[in-house]
Amino acid sequence: MMHLERYETIPECSTILVVGKKSDIGKNVNEDIRKFAEGFLKSDDKFDFLKLTNRFIFFVKEDQSDEELRVSGSKVFQTLASKHNEIAISGKEEAVLQLVEGLMLSNYEFKPYQRKENKKVNSLEKVHLPNDFSDKKIKELNNIVKAVFWARDRVNEPVSHLNATQLAEHAQKIAEEAGISIQILEKTQIESLKMGGLLAVNKGSIDPPTFTILEYKPEKPVNKKPIVLVGKGVVYDTGGLSLKPTPGSMDCMKSDMAGAACVIGAIYLAALQELKVHVIALVPATDNRPGMNAYTPGDVITMYDGTTVEVLNTDAEGRMILADALAYSNKYNPELVIDAATLTGAAVRAIGTHATIIMGNASDANFNLLEKSGNSVHERVVRFPFWKEYGDEMKSTIADLKNLGGANAGMITAGKFLEHFVKAPYIHMDIAGPAWLDKKEDYRPQGGTGSGIRLLYQFLRKFK
Ligand code: BES
Ligand code: ZN
Ligand code: ZN
């Protein structure tokens, strides 16, 4: 991973100058660079660079939004490509750190399965920062990137290398590192608990399910009752017997545990940063396959809380496993429950990859905080309605609920289904859009994006 180091005088390597006025250009630059910089300051451009024989000098206007600065960071990374693995940055701390965040988040690759001779390394190894930058901020940035990359790696990992057990083991590793307590429930325990939804989805698989409970409880937390995060951990979604129609619909379904990666990443980051907030994360995990005696359309399943559910589409599996986890959250008497899930194609069709759809019955104050948090890190959220009428569609004629709504507003009817199982104030986040990108966008790579971690971290940081 990239290393951040401090300098006293700018080293002779590629350099980024974040500038607002002439005097920011610095004294120890030659005449050509100064002229170029002065021209840049007068221009309308926000980003430009000079290519010298052995290095680049980048110029970035200081007066930009945080997101523009992060995008400038990703442009620097693009331009440097594999040519240089070291860069120095000067400028005002606040602006520089946003830029460095974009730079670091761009510096990601997932190539563990490529033979050495095919591997083209494209990474930035060292970033030099001014000596007077705050230790705390640098540490925070490192932790943010560590948690996001952890999540991207898990999402990018195919099911051949990441089944439910392996996902739980990965969680265990970082939990131990960060001082989070963890309990991994195995199939026999899940059976004793009668988590009917999780077990039903797992019936078509030869791999056992897992149910992972992570708890981070600092001394004197700001919240008396915990915040419970729940993440959808479908390590692969074939649709089950309601098999997804190929082509196209199944190739990225290794990403169907992005909600799990998001909430594990968020509690990991909260613990690394020693936030004063009591958080629990619950992760039900399994693959969804049509094998063996897979659950079928028409089945009636008794869930963990005793609710009966008529299955009308086995591809609506996320809500089956989340329902058990959400009902399990009730035992903690939480202050707030938030789930993250790649739950519906409807969410992707409605807003694409640029935002997370949120809905629920929690207080406006909590929704507003989530929205503000999202804007601050450019992981934007859009609140959808959550009226009772959407829930009416989920009533079954032979059971308490069915797992399939009508043709419209599928992201909301799914949310209403989930709401049935939660007693505490509740927010549902459908991250199906932003969790995965077919094509890279600025500092978000192709594949798993690690979406939602920076959002939830800001939310937890500001909670209460
Ligand atoms: N994992 C999918 C949702 C999804 C689709 C995520 C596309 C990312 C990209 C989910 O399990 C699913 O298949 N949902 C169905 C629900 C339907 C059967 C009610 C869907 O959205 O089509
Ligand atoms: Zn599905
Ligand atoms: Zn799914």
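Let's start with a pair of metals: the zinc ion (ligand 2) and the zinc ion (ligand 3) lie 3.2 Å apart, and Asp237 coordinates both of them. Keep in mind that this is a predicted model.

Now look at the zinc ion called ligand 2. Which protein atoms are its donors? They are Asp237 (OD), Asp315 (O), Asp315 (OD) and Glu317 (OE), at 2.0 to 2.2 Å from the ion. If you trace these residues along the sequence, their spacing reads D-x77-D-x1-E. The site has six donor atoms, with angles among them of 71 to 167°. For comparison, ideal angles for six octahedral donors are 90 or 180 degrees. The site of this zinc ion (ligand 2) counts as irregular.

Next, move over to ligand 1. Where does ligand 1 sit? You'll find ligand 1 in the largest pocket. It is surrounded by 15 residues, and the closest are Asp237, Lys244, Asp315, Glu317 and Gly345. Asp237, Asp315 and Glu317 should ring a bell, since they are also donors of the zinc ion (ligand 2). What kinds of residues make up the shell around ligand 1? Seven are charged, four are polar and four are nonpolar.

Let's zoom in on some contacts. A polar side-chain atom of Lys244 is 2.8 Å from an oxygen atom of ligand 1. Asp237 turns up again here: an N or O atom of its side chain is 2.9 Å from an oxygen atom of ligand 1. Leu343 uses its backbone instead, with a polar atom there lying 3.4 Å from a nitrogen atom of ligand 1. On its own, ligand 1 has 520 Å² of accessible area, and the protein covers 78% of that.

Key:
Residues are numbered from 1 along each chain as its sequence is written. Chains are lettered from A and ligands numbered from 1 in the order in which they are written. This is a predicted model: local features need pLDDT of at least 70, side-chain atom pairs count only at pLDDT 80 or more; totals for chains, interfaces and linings use all residues. Side-chain values use heavy atoms; hydrogens and water are left out. A residue is near a molecule or strand if one of its heavy atoms lies within 4 Å of it. A polar contact is a pair of N or O atoms within 3.5 Å; within protein, one must be able to donate a hydrogen and the other to accept it, and residues adjacent in sequence count only if both atoms are side-chain atoms. Accessible areas come from the Shrake-Rupley method with a 1.4 Å probe; for residues, only the protein chains shown count as cover. On a 1 Å grid over the protein atoms alone, a cavity is a set of points where a 1.4 Å probe fits but cannot get out, and a pocket is an open set with protein on both sides within 12 Å along at least five of seven lines; lining residues have an atom within 4 Å of a point. A molecule sits in a cavity or pocket if more than half of its atoms lie within 2 Å of its grid points. Ala, Val, Leu, Ile, Met, Phe, Trp, Tyr, Cys and Pro count as nonpolar, Asp, Glu, Lys and Arg as charged, and the others, Gly among them, as polar. Donors are N, O and S atoms within 2.8 Å of the metal (3.2 Å for Na, K and Ca); water is not among the atoms, so sites may look incomplete. Four donors count as tetrahedral if all angles lie between 85 and 135 degrees; four count as square planar and six as octahedral if opposite donors are over 155 degrees apart and all others between 65 and 115; anything else is irregular.
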